[in-house]
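Student: Please take a close look at one part of this model. I would like the surroundings of the ligand described.

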Amino acid sequence: MTSSPHFLEKLGVRLPIVQAPMAGVSSPAMAAAVGNAGALGSIGVGASNAEAAGAMIAEVKAQTAAPFNVNLFVHRPAVADPARELAWIARFRPQFEAFGAEPPARLTEIYRSLVVDDAMIAMLLETRPPIVSFHFGLPGEGAIRALREAGAVLLATATSLKEARAAESAGIDAVVAQGYEAGGHRGVFDPDAPDDQLSASALTRLLALETRLPVIAAGGVMDGAGIAAMLDLGAAAAQLGTAFIACDESLADAGYRAALFSDAAHHTTMTRVISGRPARSLANRFTALGDELAPEAPPAYPIAYDLGKALHAAGKARGDYGFGAQWAGQGAPLARSMPAGDLVAWLAAELAAVRR
Ligand SMILES: Cc1cc2nc3c(=O)[nH]c(=O)nc-3n(C[C@H](O)[C@H](O)[C@H](O)COP(=O)(O)O)c2cc1C
């Protein structure tokens with residue numbers, strides 16, 4: 001375990017706080033505001049192509065001189081299964097028809113894994129973001145070496161000691177210990193393998209004691225007291241996602257924000273139905289349907305997400321937000337709405353108050 005001041009120095013930030021990358025929710029403006037306030041801001045480019053990701057990096061750089069993190073999805077590329085995909089489309093036809101819409105005729109892999117995206121690697125080597133993080137797995141040796149040589153500090157999500165050890169052997173600089181309470185997609189390397197569903201506190205303590213990597217604790221942390229608890233368990237920093245969803249710079253739509261401040265926040269649930277991979281969402285019409293369909297395996301990630309996004313668009317066109325990917329962690333009832341820089345200032349003050 002590396003002491004936290006040393007690790008924060010390596011990242012180039014003052015506060016032990018990371019604003020989580022949230023593809024489709026975090027924004028370059030959010031990352032810049034967080035960086036300007038002394039914490040580490042992140043953009044999630046896992047669902048973007050190299051060109052769009054490059055534009056987002058340029059946007060962050062235009063708004064801050066602070067370091068920032070660029071996050072990529074490193075999942076096993078999807079294997080198409082046309083029969084399963086057609087059956088999935090047929091299952092959801094009634095929901096589309098209720099919105100006066102046609103389901104898509106076929107489903108596609110709507111974005112590529114970094115493991116098969118050489119253009120993305122080339123863009124990262126050219127734009128040289130100071131910090132690069134990986135979710136769902138690790139890239140190959142060559143990519144890791146090239147990014148390190150380009151000066152990037154590398155982070156990877158781990159949900160177990162086994163995944164953290166794989167990150168350590170691969171030359172990753174720090175692990176994001178993602179507990180089961182965390183919002184959004186679970187970073188498990190293999191979504192079909194048994195999952196011990198460790199909490200953020202148990203996982204953070206385990207990785208702090210059993211690996212040599214600095215640990216960034218993620219899952220259910222919503223305020224300064226939560227950050228302090230994770231630091232006490234040996235984390236070098238805490239990564240907060242749900243806490244930032246309602247910030248001004250967030251891309252979350254009106255329905256998502258309303259749901260976050262409703263009773264649904266007390267009933268987050270882990271579901272595969274929306275995207276094909278386990279992810280924690282606010283309880284909504286989609287997750288309820290997922291519970292009914294539980295024994296049926298959805299198409300592979302992110303092929304299933306093609307249908308999920310189409311269904312949300314069909315509902316939204318009729319003013320129904322119940323089929324949105326409203327990711328949130330178990331701390332959702334504690335979410336606050338304000339500019340991201342102000343939230344960082346609050347978190348820092350709360351942390352200092354707990355420490356006093
Ligand atoms: C809306 C949302 C989107 C997310 N998207 C990503 C992502 O693109 N990449 C990633 O590594 N983690 C993503 N996560 C997971 C976060 O990195 C982090 O593990 C999680 O937010 C921590 O739990 P919390 O939400 O309870 O703070 C997302 C989380 C949320 C809530």
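Tutor: Here is the ligand site, followed by one loop residue.

This is a predicted model, so local features need pLDDT of at least 70, side-chain atom pairs count only at pLDDT 80 or more, and totals for chains, interfaces and linings use all residues. Residues are numbered from 1 along each chain as its sequence is written, and side-chain values use heavy atoms, with hydrogens and water left out.

Start with the shell. The ligand has 23 residues around it, each with a heavy atom within 4 Å. N71, G220, Q239, G241 and T242 come nearest. Strand 3 (68-73) and strand 9 (237-240) each supply at least two shell residues; strands are DSSP E runs of at least two residues, numbered from the N terminus. By class, the shell holds 12 nonpolar, 11 polar and no charged residues. Here Asp, Glu, Lys and Arg count as charged, and Gly is among the polar ones.

Now the polar contacts (N or O pairs within 3.5 Å). A backbone polar atom of G220 is 2.8 Å from a ligand oxygen. H135 uses a polar side-chain atom, 3.2 Å from an oxygen of the ligand. P21 places a polar backbone atom 3.4 Å from a ligand nitrogen. The protein covers 98% of the 590 Å² of accessible area that the ligand has on its own (Shrake-Rupley, 1.4 Å probe).

Last, A252. This residue is in the loop between strand 9 and helix 10 (254-260); helices are DSSP H or I runs of at least four residues. A252 counts as buried because its relative accessibility is 8%, and buried means under 20% (1.4 Å probe, protein chains only). Leaving aside neighbours within four places in sequence, A252 contacts V25, I245 and R257, with heavy atoms within 4.5 Å.

Conventions
Polar contact = N/O pair within 3.5 Å; in protein donor to acceptor, adjacent residues only side chain to side chain. Buried < 20%, exposed > 50% of the residue type's maximum accessible area, 1.4 Å probe, protein only.
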